[in-house]
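Trainee: Could you show me how to read empty space and strand order in a model like this one? I would like the general idea and then the particular case.

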Amino acid sequence: MAETKRPLHPQTTLVHGGTLRSQFGETSEAMYLTQGFVYDSAEAAEARFKGEAPGFIYSRYANPTVDMFERRMAALEGAEDARAMASGMAAVSAALLCQLKAGDHIVAAKQLFGSCRWVAETLCPKFGIETTIIDGTSPEAWEAAIRPNTKVFFLESPTNPTLAVIDIAAVTALANAHGITVVVDNVFATPLYQKPLELGAHVVVYSATKHIDGQGRCLGGIVLSSKDWIDENLHDYFRHTGPSLSPFNAWTLLKGLETLPLRVAQQTASAGQIADFLAGHGKVAQVIYPGRADHPQAAIIARQMAGGSTMVCMELNGGKDAAFAFENALEIFAISNNLGDAKSLVTHPSTTTHKNLSEEARLEQGIRPGTVRLSVGLEHAGDLIADLEQALARA
């Protein structure tokens with residue numbers, strides 16, 4: 001695509017953004033499966049290592065295929081720079097650890113994916129980094145937790161699995177007043193429905209394994225921010241610790257980005273229909289969905305999200321036994337801990353993704369024995385509703 005100064009819609013950016021073509025003029029992005037690169041001369045190698053000449057040095061640092069994925073994601077997110085990583089958790093860990101040292105303090109929302117909370121609550125203190133866990137939906141809780149050594153606010157919104165929504169603009173305004181960096185895990189919203197950087201956040205992370213691939217093929221993660229933040233904090237951490245994304249996975253994720261808007265739009269439309277169906281069912285105690293007016297943070301959603309979600313959270317009457325019977329009776333929904341896939345998936349968080357949290361911590365987040373998370377895929381909404389209906393009848 002020829003360079004244009006006109007603003008482009010996401011659908012166009014996700015097909016063309018960041019494309020690099022070799023001398024062969026290939027249509028599809030090339031896959032550069034190489035560890036290293038050669039130089040025309042010893043002087044050229046020296047200049048490249050000094051940063052005085054452009055070019056690639058080693059695929060642990062940067063790679064042409066990975067570079068295309070980073071550029072395309074940065075264009076979509078509205079970020080100046082990005083670093084792609086081997087998994088979503090590699091991205092989360094890097095985004096936090098690269099900017100912290102012993103004696104620093106993190107404030108993290110309690111409403112986090114189990115592994116994210118483990119990094120904040122268990123791993124960071126091993127390195128002398130203090131962590132305070134708070135109710136992320138309470139602006140007062142963020143403010144009350146600030147200490148003189150607070151360096152980072154860490155949150156996800158909507159949250160996994162209960163789809164609580166945190167006021168990102170309010171949290172970042174508070175952080176900016178105290179010189180605190182805000183890191184947002186934006187997986188559930190996708191970059192199509194929520195722009196944390198536009199809301200004031202400083203760093204955005206994704207598990208690209210989810211909607212960005214969206215077809216169950218590979219792992220990936222990415223951290224996006226300003227060029228200054230990445231140069232000052234993430235660049236050396238990334239270069240020397242080696243969480244880099246493989247070129248093959250980067251190529252797969254580039255192909256996933258081309259269809260991301262189509263997939264997410266269809267999945268969201270179906271998820272909304274499913275949420276409405278479940279909300280009227282006698283065996284369902286509660287349904288939480290960002291597209292419904294009865295969502296606890298509906299007013300915030302209207303301000304900061306451009307769409308609902310591909311995810312639905314529900315609580316079954318009858319606790320764990322009812323949840324297990326329901327999952328085992330499903331015929332189209334597959335039992336899996338993944339999400340954002342073309343195939344519809346069902347998860348029981350308290351025995352899988354959030355199993356390692358204490359029961360008290362799970363209940364604080366609203367994760368009860370009867371809580372079930374649905375990731376809505378690309379199947380026909382009518383077929384999915386019929387599957388849920390027959391499984392509920394047998395639960």
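Mentor: Let us begin inside the protein, keeping in mind that this is a predicted model. The largest cavity holds about 50 Å³ of space, and it is lined by T162, Q286, V287, I288, C313, M314, E315, G366, R368 and T371.

Trainee: Which strands supply at least two residues each to the lining of the largest cavity?

Mentor: Those are strand 8 and strand 9. By class, the lining of the largest cavity divides into 4 nonpolar, 4 polar and 2 charged residues, and the count of cavities of 30 Å³ or more comes to 3.

Trainee: How is such empty space found in general, and how much space lies in the largest pocket?

Mentor: Rolling a probe the size of a water molecule over the atoms shows where empty space is left. In this model about 740 Å³ of space lies in the largest pocket, where 25 residues form the lining and G55, A62, D67, R83 and H235 are the closest to the centre. Helix 2 (42–50), helix 3 (64–77), strand 1 (81–85) and helix 10 (227–241) are the elements that each give two or more residues to this lining, with the largest share, 5 residues, coming from helix 10.

Trainee: What classes of residue make up the lining of the largest pocket?

Mentor: That lining divides into 11 nonpolar, 3 polar and 11 charged residues. The second largest pocket, with about 400 Å³ of space, has 10 nonpolar, 10 polar and 4 charged residues in its lining. Of the 24 residues that line the second largest pocket, M89, F113, N160, S207 and K210 lie nearest its centre, while helix 4 gives the most to the lining, with 3 residues.

Trainee: Turning to the sheet, what is the order of its 5 strands?

Mentor: This open sheet has the order 8-9-12-11-10, with mixed pairing. Strand 8 (284–288) and strand 10 (334–335) are the edge strands, since each pairs on one side only. Strand 10 pairs with strand 11 (residues 345–347) in the parallel sense over 2 bridges, and I335 stands opposite V346 in strand 11.

Trainee: Which strands does helix 13 lie across?

Mentor: Helix 13 (residues 319–329) lies across strand 9 (311–316), strand 10, strand 11 and strand 12 (371–375), and it runs at about 130 degrees to strand 9. Strand 9 also returns us to the starting point, as one of the strands that supply at least two residues to the lining of the largest cavity.

Key:
Residues numbered from 1 in each chain as written. Predicted model: local features only at pLDDT ≥ 70, side-chain atom pairs only at ≥ 80, totals over all residues. Heavy atoms only, no water. 1 Å grid on protein atoms, 1.4 Å probe; cavity = no way out; pocket = protein on both sides within 12 Å on 5 of 7 lines; lining within 4 Å. Points joined across faces, edges and corners; volume = space filled by probe spheres on them. Helix = DSSP H or I, 4+ residues; strand = E, 2+ residues; numbered from the N terminus. Nonpolar A, V, L, I, M, F, W, Y, C, P; charged D, E, K, R; others polar. Pairing = 2+ DSSP bridges. Contact = heavy atoms within 4.5 Å. Axes fitted to C-alpha atoms, helices over the stretch in contact; angles between N-to-C directions.
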